[in-house]
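Biologist: I would like a close look at a single part of this model. Please set the scene for the whole chain, then take me to one loop.

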Amino acid sequence: MTSRKRRLPGELVFVLVALLFALTALWQSYRIAGLASWSSPGAVPMLAALVMVVAAIRIALTASRRPPPAQVPGVTRAAAFAQALLPRAVVAFTLLIVLYMFALDPLGFVVSSFLFLVAGMWVLGSRRLVHNVVVSALSLAAIYVVFQTAFSVVLPGVLGAC
Amino acid sequence: MPEAVSYFFMSWANPYLLFLTAAGTFAGIYVGAIPGLSVTMAVSILISFTFKWHVNEALALIAGIYLGGVYGGARSAILLNIPGAPSAIATALDGYPLAKRGEAGTAIGLTTVMSVLGGFLGIAALAIGAPMLSDLALLFAPRDYLLLAIWGILLVGSLSGESLAKGVFAGALGVLIGMVGLDPMTAEGRFTYGSVQLSAGIPYVAAMIGFFGVAEVLVQLHQLGVTPIKQNVRKIVPAWGLVKKYLPLSARTSAIGVCIGALPGAGGDIAALMAYDHAKRTTKDPSRPFGEGAYEGIVAPETANNAAVPGAYIPMLTLGIPGDAVTAVIIGALYIHGMKPGPMLMIETPHLFWFCVGNLVLANIFLLPMGLSGIRIFAKIVETPKAILLPLILVLSAVGTYAIENNPVHVYWMLGFGLLGYFLKMYGFQVGPVILGIILGPLIDASYRRAMISVADTPLDFLAEFFTSPISAILVAALAFTVLSQSRAWSAFMGRLRGAPAH
């Protein structure tokens, strides 16, 4: 990330959420052992959370001094945020990952990974379906063989049953 | 000493370790060269796969990947003008102009020989310097570990990030994540909220793969459309005269590489840029003007970044403090394998040190023939479109995370950290300090409390010791310098340094 003049869309909100998180962490660390002693189990968590609070305030101040993101007429702030931080490819791919994770257990490694690879390549713009299917199948076969033999990794059941 | 020799040659004599080192180096060249695959990413994923192996086997593979990967970045920098790894950014400045002149083969040959040379000089520094540092490290008190750990996190946070505040925030976040679970001293739960899952702590391999694998993939989705340009490569093995001519320069830039690499937190990318700058300032009569295909402009960064690899091993093996992001991940691996990285590592397990040295030498030897061959297939593989590559990285990340404990919950952690890492990266935070914080957090916690208990919970005595003990005082000074170096005057100086090679 190079230095830039303007704030990114959503940057201020992100920094404020980070500050809120740091404050919550500070309170939660306090609840571990209170201020009973300087060497209590809660001491380092509290110090770390305190450092986070101070750093977050500093970051928030720096961010607030920057000019706000460039406003294009007709584009709402939510849309500008989505464009900069959540382009279509990122959203679609993240959704696919979530689906993949939930499919991993019931469908098993081979089926779910195959479906994920084919769909993932398609979503990211590789439009040659047959090519995608062949590449997915070959690489999965390679992964499966290498991992079962060389790494002796127990992959989640082939068809989900085992 | 004879024992050291036998450990040194362990990976040479054992066919399986020999194979793993060779395979690692070979794979590393491609990992480093393919834009989108990074050594940190590959090593994080590999740690989960190799977790059932013997520690030597895992280290042999990782050393190969690390050394090969740092070298491999140069190939795509020269052929495609896309540095495959951050440590090859400086190489592209003169490497690509050379390729455009039709000298891609010579450039690749020269960088290969020089990388190997830099690697050897770096390993020599590791073999000589680490035992000396290790003797000193024995004198360290708990508060010194505390200072070292904080210094390491600060250096990673300050040298690579956008601002010190963001690095500090990320580091502290990591320390906090590292605290989750049962307190080892009192067996009290911290941030566990009655959950059995959480009392075991947050699985840090899932965090590593999330931050370095998933988050990186998501960031790269922003640049899907970049297509590389093909180059013709013929003769690769460089003429001896050419190599001989640049030996003095390469010795100097290797020294720069080792020193920067050994500094906690600063890795091959910074070493390569500083070496390029050094070459530019000291070479009176370059083969061509810098930026238009000067041989000096590829020799300097390539020796430096490979010398930085063994350099980064020095603080890792002697102090348990990582020299860069990859060694941070390797430290995580050592913990998984039941080792305790820190000043006692070389005393309790001297074989590990000599094994690492011997293994790096071996990987460096493999680098030479592998670097000088296979260019034709190489071009094909490097051109793998990201639309194919990124889903594959994700499958490997998911399987790797799952494999640690056959626990699907870890995969959810991975995705959670991946999304967090994505937003952190997009808003200019580095994820390296978070990982470092997670790994060093327990060390910070234990050292702080031991130091505090030893002065009977009196904060003033605790603070006074930082200045009365010489070792602590030096570390405090180093810490202070790191913070001060973030001031405007210093960053203007560094800006000139970094701006210079890029014109």
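What percentage of the 503 residues in chain B do buried residues make up? And which residues in the loop between helix 22 and helix 23 of chain B have a positive phi?

Modeller: Keep in mind that this is a predicted model. Start with the whole chain. Buried residues account for 61% of the 503 residues in chain B. The chain has 25 helices and 2 strands. Its radius of gyration is 22 Å, and the globule rule gives 23 Å for 503 residues. Those values are close, so chain B is as compact as a globular protein of that length. Along the principal axes, the C-alpha atoms of chain B fill a box of roughly 70 × 50 × 50 Å. Now take the contacts in chain B between residues at least 6 apart in sequence. Of these, 78% join residues at least 24 apart.

Next, the loop. Helix 22 of chain B covers 432-454, and helix 23 covers 459-468. Ala456(B) lies in the loop between them. So does Asp457(B). Look at the backbone here. Ala456(B) is not a glycine, yet its phi is positive, about 55°. Asp457(B) is not a glycine either, and its phi is positive too, at about 60°.

How exposed are these two residues? Ala456(B) has 10 other C-beta atoms within 10 Å. A residue with 12 or fewer is called exposed, so Ala456(B) is exposed. Asp457(B) has 15 C-beta neighbours inside 10 Å. Buried would take 20 or more, so Asp457(B) counts as partly exposed.

Note on methods: Residues are numbered from 1 along each chain as its sequence is written. Chains are lettered from A and ligands numbered from 1 in the order in which they are written. This is a predicted model: local features need pLDDT of at least 70, side-chain atom pairs count only at pLDDT 80 or more; totals for chains, interfaces and linings use all residues. Helices (H or I, at least four residues) and strands (E, at least two) are DSSP runs, numbered from the N terminus. The radius of gyration is taken over C-alpha atoms; the globule rule is 2.2 Å times the number of residues to the power 0.38. Two residues are in contact if their C-beta atoms, placed from the backbone, lie within 7 Å.
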